[in-house]
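Colleague: I am new to this structure and would like a close look at a single part of it. Please take one helix and describe how it sits among its surroundings.

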Amino acid sequence: MTETVRPRHRMVDRVAAILELVARSNEGLTLTDIAHMLNYPLSTTQGLVNGLTVTGYLDESNKRYTLGMAPFLLNVMAGRRMVHVLSLIHISEPTRLRRI
């Protein structure tokens, strides 16, 4: 059985990378941190981070961004239990870096 190769979408990849990066940070990240760590233009990063914050995917406090409630609420709306512990194998590599 052959697998269908789906095309990547740059904006979706960038949003996923931001969410994964912020989720892995313990103390949150500044806008500049996010842009530099992902090698994105600051203006692009600002637009995406603003959109993610307005929609609840990120929270902002003292100019530092952390994961918001929206990702957790999606899990609940899908009828899944809250995740408390995951295997490090499942979360060790950001999906944006995986090669297909």
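Modeller: In this predicted model, the exposed residues on one side of helix H2 are His-36 and Met-37. The other side of H2, which spans residues 31-38, holds the buried residues Leu-31, Ile-34, Ala-35 and Leu-38. Viewed along the axis of H2, these buried residues lie within an arc of 95°, and therefore they line one face of the helix. Their cover includes helix H1 (10-24), helix H3 (42-54) and strand E2 (64-67).

Of these neighbours, H1 can be described further. Two packed helices are described by the angle between their axes and the distance between the axes. For H1 and H2 the angle is about 115°, and the axes are 11 Å apart. The crossing of H1 and H2 is right-handed. On the H1 side, the contact is made by Ala-17, Ile-18, Leu-21 and Val-22, while H2 contributes Ile-34, Met-37 and Leu-38. Sorted by class, the residues of this contact are seven nonpolar, no polar and no charged. Met-37 thus appears twice in this account: Met-37 is exposed, and Met-37 also takes part in the contact with H1. After H2 comes Asn-39, which has a positive phi, near 60°.

As for the setting, the chain has five helices and two strands, in the order α-α-α-β-β-α-α from the N terminus. The chain has 100 residues, and 24% of them count as buried.

Key:
Residues are numbered from 1 along each chain as its sequence is written. This is a predicted model: local features need pLDDT of at least 70, side-chain atom pairs count only at pLDDT 80 or more; totals for chains, interfaces and linings use all residues. Side-chain values use heavy atoms; hydrogens and water are left out. Buried means under 20% relative accessible area, exposed over 50%, partly exposed in between (1.4 Å probe, protein chains only). Helices (H or I, at least four residues) and strands (E, at least two) are DSSP runs, numbered from the N terminus. The arc is that of the directions from the helix axis to the C-beta atoms. Contact means heavy atoms within 4.5 Å. Axes are lines fitted to C-alpha atoms, for helices over the stretch in contact, and angles run from 0 to 180 degrees between N-to-C directions. A crossing is left-handed if the near helix is turned anticlockwise from the far one by less than a right angle, and right-handed if clockwise. Ala, Val, Leu, Ile, Met, Phe, Trp, Tyr, Cys and Pro count as nonpolar, Asp, Glu, Lys and Arg as charged, and the others, Gly among them, as polar.
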